[in-house]
Amino acid sequence: MNNNGLHAMEPSSMPHRPQVALVDLPPVYRRGLGAGLTEAGFVVHQPSDVVAWAREGSNSKIAVTTDNEPALDLLDSVRIESPAVVTVALLEEATLASYSRALPRCTGAVPLHAELEDVLVAIRAAANGYTLVPVDVARLLAARGESGADLPELSERELGWLRALADNVTVFSLARSSGYSEREMYRLLSALYERLGATTRTGALLRADRLGLLRSSVPAQLSIDSAGTASRGGSNGRRGK
């Protein structure tokens, strides 16, 4: 056991066990993940130079770090120098924007604050050539690819309107709770439907459901914010039926 409480082993002692480098992780998190990886059969390292570590030897290697820009730049360097090394980014937030930014630059990604077992599953999947993403993120990515265009830019309030309508709230009630006249509410909703590529309430709700906008579910709890990116649903989100 090293000074950080991780069971780092010499590669020669267990030549077939995958080597994992934990790079620039918070100390408490690093110790917990290191212990979990060791118990799962990985050999854990904390190299001062991960690019040099990646070039050494021929064992299966996995580099794990966070998703801040310097860390992703480091993963780029690892990939360029040693293409066979698997790279995993730990995302500070499980958002569509975070996955879209990280995945082109690494093998796999998983939320930093996910349960230990979920992190281990994501790392194992990456080691086997697969990338795991939350269902809501996958649906949003698929919808974006299907449409060939960016997802509609919806605010949290607009998402709340759609979810309320899906729960059979009347336009009159929605207008009162939102501080608009009923006529103004109809005008705003009509514009919202148009941005979703629909002309009717039913069509808009079907489109929103297909895009995953009506769901606010564990673990991703994703919605689209005013910048057109996904974010964790707040307390105003309604759970899809």
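A polar contact is a pair of N or O atoms within 3.5 Å; within protein, one atom must be able to donate a hydrogen and the other to accept it. In this predicted model, one such contact joins the side chains of histidine 45 and glutamine 19, at 2.7 Å. Histidine 45 lies in strand 2. Its relative accessibility is 16%, so histidine 45 counts as buried, the cut-off being under 20%. Glutamine 19 also takes part in strand pairing: lysine 61 in strand 3 is its bridge partner.

The sheet that holds these strands is open. Five strands build it, in the order 2-1-3-4-5, and the pairing is parallel. Strand 2 (43–45) and strand 5 (108–111) occupy the edges. Each has a single partner strand, so one side of each lacks a neighbour in the sheet. On average, neighbouring strands are turned by 25 degrees against each other, direction ignored.

Helix 1 (residues 27–39) packs on this sheet. The helix touches strand 1, strand 2, strand 3 and strand 4 (86–91). Its direction makes about 175 degrees with that of strand 1.

Strand 3 pairs on both sides. Strand 1 (residues 19–22) runs parallel to strand 3 (residues 61–66), and four bridges join the two. Five bridges link strand 3 to strand 4, again in parallel. Alanine 63 takes part in both pairings. Its partner in one is alanine 21; in strand 4, its partner is threonine 87. Burial of strand 3 is extensive: six of its six residues are buried, so the strand is largely enclosed by the rest of the structure.

The connection from strand 3 to strand 4 involves a helix. Strand 3, helix 3 (residues 69–81) and strand 4 make up a β-α-β unit, and the unit is right-handed.

A helix pair was also examined. Two packed helices are described by the angle between their axes and the distance between the axes. For helix 7 (residues 156–166) and helix 9 (residues 182–195), the axes come within 11 Å. They cross at roughly 95 degrees. Angles of 65 to 115 degrees count as roughly perpendicular, and helix 7 and helix 9 are therefore roughly perpendicular to each other. On the helix 7 side, the contact is made by Glu158, Trp161, Leu162 and Leu165. These residues meet Met185, Leu188, Leu189, Leu192, Tyr193 and Arg195 in helix 9.

Conventions
Residues numbered from 1 in each chain as written. Predicted model: local features only at pLDDT ≥ 70, side-chain atom pairs only at ≥ 80, totals over all residues. Heavy atoms only, no water. Pairing = 2+ DSSP bridges. Axes fitted to C-alpha atoms, helices over the stretch in contact; angles between N-to-C directions. Contact = heavy atoms within 4.5 Å. Buried < 20%, exposed > 50% of the residue type's maximum accessible area, 1.4 Å probe, protein only. Right-handed = clockwise from strand over helix to strand, strands pointing away. Parallel < 35°, antiparallel > 145°, perpendicular 65-115°, else oblique.
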